[in-house]
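Biologist: Please take a close look at how the helices of this model pack against one another. I should like one connected account, with each term explained when it is first used.

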Amino acid sequence: MLKRNKAILITGGAGYIGSHAVKLFLEKGYAVVVFDNLSHGWREPLEILKKLGTLHFEKGDLRHKKDLVKVFKKHKITAVLHFAALCLVNESMEQPELFFENNVLGSLNLLEAMRTHGVKDIIFSSTCATYGETKYLPVDEAHPQNADNPYGESKFLVERMLIWYGKLHGFKYVILRYFNVCGAAADGSIGDSKKPSQLLMQNAVRGAMGIEPFSFTYAPVKTRDKSPVRDYIDVEDLAEAHLAAFNYLEKNGQSQILNLGNGQGFSVKEIVAEVEKVFGVTMKKQKAVARKGEYAEIFADPRKAQRILKWQSKKTLQDSILSLKKWYENKPQGYRK
Ligand SMILES: NC(=O)c1ccc[n+]([C@@H]2O[C@H](COP(=O)([O-])OP(=O)(O)OC[C@H]3O[C@@H](n4cnc5c(N)ncnc54)[C@H](O)[C@@H]3O)[C@@H](O)[C@H]2O)c1
């Protein structure tokens with residue numbers, strides 16, 4: 001366990017996935033510093049989570065070096081969980097420059113602040129979007145990386161920077177390539193607050209609960225039912241994987257690149273059918289504009305993460321759907337502005 005005067009920096013901790021990691025690390029007794037510019041995150045989850053332990057919030061922007069330096073000077077940071085990023089694929093196809101500035105330059109600033117202050121352990125939120133159209137399934141970590149959109153490309157570039165900071169500056173990293181993240185805290189206290197969410201299961205649950213109409217947003221693709229196939233991983237399973245990666249680095253584990261998925265592909269239509277089954281409803285499905293930069297089918301080979309981190313995703317689709325039900329019953333309109 002870390003000493004009280006040392007803390008873990010969680011960038012993007014006010015966002016969807018980051019806030020679930022904040023929750024778990026606080027529950028495990030770690031002091032946490034959240035760094036977030038609140039461009040897509042909220043103060044409210046941090047207010048809720050404050051009750052669990054020592055949580056400091058530092059509002060700042062990765063693009064501004066001085067914001068980062070201030071945080072590293074003020075707190076004794078021992079390791080970094082780096083979630084902060086822009087992550088809308090569609091937006092990245094319209095404004096790639098925002099993604100390279102925010103995700104790549106922002107991450108470089110973070111790495112430089114870490115280097116200056118002697119912090120070398122980092123867990124990075126990468127994505128299966130770095131692989132692009134799949135050459136074989138399931139996708140293992142050796143699969144070629146040919147991102148189909150600037151979002152995935154920006155994450156790939158950060159991976160490359162980390163590898164070089166490892167070789168040249170002694171950084172130790174765990175790059176976690178998440179597949180599709182779903183669900184909310186099982187107690188319903190925190191969750192995804194984007195309206196509408198960019199995430200399928202979230203939107204399907206909101207549709208089934210009558211919060212807003214549900215729309216399909218994909219173009220027909222070559223899969224078993226013509227809808228895209230993805231690998232869904234619950235946000236609490238993901239937070240557990242971060243804790244396992246943190247413990248792994250603490251015990252002097254070597255740098256790693258790991259897929260975080262369930263190892264199983266579900267189509268958009270299958271996910272919607274599962275939501276309908278859990279709620280006992282049939283939803284009206286509106287067809288919306290297809291998202292640009294999407295690909296047909298991807299699911300993970302998660303065995304390396306299971307072996308190295310001694311971690312296993314535990315939640316079923318139904319668990320994730322029920323956690324979302326609890327979350328949206330608690331806050332149908334999401335966090336306060
Ligand atoms: N949601 C998914 O399915 C998924 C899949 C793969 C990877 N990821 C990755 O996981 C991470 C978290 O995703 P999320 O879904 O929680 O997104 P999110 O938008 O909810 O959270 C991102 C957080 O980062 C903050 N942020 C963005 N730019 C910043 C900057 N320049 N300075 C400071 N803070 C900044 C935002 O305000 C937000 O709170 C991202 O890195 C994303 O690329 C997500």
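Modeller: A residue counts as buried when its relative accessible area is under 20%, as exposed when it is over 50%, and as partly exposed in between (1.4 Å probe, protein chains only). This is a predicted model, in which local features need pLDDT of at least 70 and side-chain atom pairs count only at pLDDT 80 or more, while totals for chains, interfaces and linings use all residues. Residues are numbered from 1 along each chain as its sequence is written, and side-chain values use heavy atoms, with hydrogens and water left out.

Let us begin with E276, which lies in helix 9 (helices being DSSP runs of H or I with at least four residues, and strands runs of E with at least two, numbered from the N terminus). The side chain of E276 belongs to a charged residue (Asp, Glu, Lys and Arg count as charged; Ala, Val, Leu, Ile, Met, Phe, Trp, Tyr, Cys and Pro as nonpolar; the others, Gly among them, as polar). With a relative accessible area of 13%, E276 is buried. Apart from neighbours within four places in sequence, E276 is in contact (heavy atoms within 4.5 Å) with V281, T282, M283 and K285.

Helix 9 spans residues 268-279, and its axis comes within 10 Å of that of helix 7, residues 200-208. These two axes cross at roughly 35° (axes are lines fitted to C-alpha atoms, for helices over the stretch in contact, and angles run from 0 to 180 degrees between N-to-C directions). The crossing of helix 7 and helix 9 is right-handed (the near helix is turned clockwise from the far one; in a left-handed crossing it is turned anticlockwise by less than a right angle). In this pair, L200, M201, A204, V205 and A208 of helix 7 meet V268, I271, V272, V275 and F279 of helix 9. By class, the contact of helix 7 with helix 9 holds 10 nonpolar residues, no polar ones and no charged ones.

Helix 7 also packs with helix 11, residues 317-330, at an angle of about 55°, with the axes 10 Å apart. Helix 7 is therefore oblique to helix 11 (angles under 35 degrees count as roughly parallel, over 145 as roughly antiparallel, 65 to 115 as roughly perpendicular and the rest as oblique). Here, too, the crossing is right-handed. From helix 7, M201, Q202, V205 and R206 meet L317, S320, I321, L324, K325 and Y328 of helix 11. The contact of helix 7 with helix 11 divides into six nonpolar, two polar and two charged residues.

A further pair is formed by helix 5, residues 96-116, and helix 6, residues 150-169, whose axes come within 9 Å and cross at roughly 20°. Helix 5 and helix 6 are therefore roughly parallel to each other, and helix 5 passes helix 6 in a right-handed crossing. Residues of helix 5 in this contact include P96, F99, F100, N103 and V104, and those of helix 6 include P150, Y151, L157, V158 and M161. The contact of helix 5 with helix 6 has 13 nonpolar, four polar and three charged residues.

One residue of this last pair, L157, may be followed individually. L157 is placed in helix 6 and is partly exposed, at 32% relative accessibility. Beyond its neighbours within four places in sequence, L157 is in contact with F100 and V104. Although L157 and F100 are 57 residues apart in sequence, their C-alpha atoms are 9.0 Å apart in space.
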